[in-house]
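Please work through the following exercises with the sequence and the model at hand. Each task is followed by a solution in steps.

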Amino acid sequence: MPESKERPICRRKIEQMLAERRCKLEDLLELPRHKLSPGLRKQLRKMIVEAAPGGTNVRLGRRQRELIERLVALEGRDPSGIPTLRAVPARGGLKVWCRYCRSWHNHGPGAGHRVAHCADPLNPYYRSGYILVPYCEGQEGRT
Ligand SMILES: [Zn+2]
């Protein structure tokens, strides 16, 4: 699983950036591409997922953490700038991993634009909502 590879130099660089900017891991993900190399971006995603068990109300096993890493890596934006999140089946509907509240948000069935179920109105997802894109195991790289 290449997404999970540890990059010690990137980790130190990210920790340095966090200290300099006094910001959170998620804030670094918003940096433009020329300020965050692909290696740094991959390590950052790994660190965001690693941080998850402490901040969430669900206990995550290794398989679930790996799934979340893949889902976070596939996050994108539609042409109007609304985040597109990969959603997996849950309870007859879909659920998405929220990297801001570090928990699953449950939604009804079907793809499309949804209001974010974030508890915190300062979360970027809360303002824009997001678009659910169904994710199937083994479909990485396809859209
Ligand atoms: Zn949320």
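The exercises below proceed from the overall fold to the strands, the core and individual residues.

**Conventions**

Residues are numbered from 1 along each chain as its sequence is written. The model is predicted: local features need pLDDT of at least 70, side-chain atom pairs count only at pLDDT 80 or more, and totals for chains, interfaces and linings use all residues.

**Exercise 1. Describe the order of the secondary structure elements and the confidence of the model.**

Step 1. Helices (H or I, at least four residues) and strands (E, at least two) are taken as DSSP runs, numbered from the N terminus. The chain holds five helices and six strands.

Step 2. Along the sequence these elements follow the pattern α-α-α-α-β-β-β-β-β-α-β.

Step 3. Confidence is given by pLDDT, the predictor's score for each residue, from 0 to 100. The chain has an average pLDDT of 84, and 86% of the residues score at least 70. Among the elements, E6 has the highest mean pLDDT (96) and H3 the lowest (76).

Step 4. Where pLDDT is low, the predicted coordinates should not be read in detail.

**Exercise 2. Compare the spans of helices H1 and H4 with their expected values.**

Step 1. The expected span is 1.5 Å times one less than the number of residues in the helix.

Step 2. Helix H1 (residues 8-21) has 14 residues; from its first C-alpha to its last it reaches 20 Å, close to the expected 20 Å.

Step 3. H4, with 12 residues, reaches 17 Å, close to the expected 16 Å.

**Exercise 3. Determine how the strands E2 to E6 are paired.**

Step 1. Two strands pair if DSSP finds at least two bridges between them.

Step 2. Strand E2 (residues 83-90) pairs with strand E3 (residues 93-98) in the antiparallel sense over three bridges. Ala 90 stands opposite Gly 93 in E3. The two strands form a hairpin with two residues between them, and Arg 91 in the turn has a positive phi of about 50°.

Step 3. E3 also runs antiparallel to strand E4 (residues 103-107), with five bridges joining them. Here Trp 97 faces Trp 104 in E4 as its opposite residue.

Step 4. E2 is joined to E6 by four bridges, and these strands run parallel. Leu 85 stands opposite Leu 132 in E6.

Step 5. Strand E5 (residues 112-114) is joined to E6 by three bridges in the antiparallel sense. His 113 has Ile 131 in E6 as its bridge partner.

**Exercise 4. Identify the largest nonpolar core and the elements that supply it.**

Step 1. A residue is buried if 20 or more other C-beta atoms lie within 10 Å of its own, exposed if 12 or fewer, and partly exposed in between, with C-beta atoms placed from the backbone. Buried residues make up 20% of the 143 residues in the chain.

Step 2. A nonpolar core is a set of buried Ala, Val, Leu, Ile, Met, Phe, Trp, Tyr and Cys residues joined through C-beta atoms within 7 Å. The largest one has 15 residues, and those with the most contacts inside it are Ile 68, Val 72, Leu 85, Ala 87, Val 96, Trp 97 and Leu 132.

Step 3. Helix H4 (62-73), E2, E3 and strand E6 (130-134) each supply at least two residues of this core. E3 gives the most, with four residues.

Step 4. Two residues are in contact if their C-beta atoms, placed from the backbone, lie within 7 Å. Leaving aside neighbours within four places in sequence, Leu 85 is in contact with Glu 75, Val 96, Tyr 130, Leu 132 and Val 133.

Step 5. The buried residues of H4 are Ile 68, Glu 69, Arg 70, Leu 71 and Val 72.

**Exercise 5. Which of Arg 22, Arg 102 and Lys 46 are buried or exposed?**

Step 1. Arg 22 is found in the loop between H1 and helix H2 (25-29). Arg 22 counts as exposed because it has 7 C-beta neighbours inside 10 Å.

Step 2. Arg 102 lies in the loop between E3 and E4. Arg 102 is buried, since 20 other C-beta atoms are within 10 Å.

Step 3. Lys 46 belongs to helix H3 (residues 38-55). With 22 other C-beta atoms within 10 Å, Lys 46 is buried. The C-alpha atoms of Lys 46 and Glu 6 are separated by 8.1 Å, although these residues are 40 residues apart along the chain.

Step 4. Most residues other than glycine have a negative phi. Arg 22 has a positive phi of about 50° although it is not a glycine, and Arg 102 likewise has a positive phi of about 50°.
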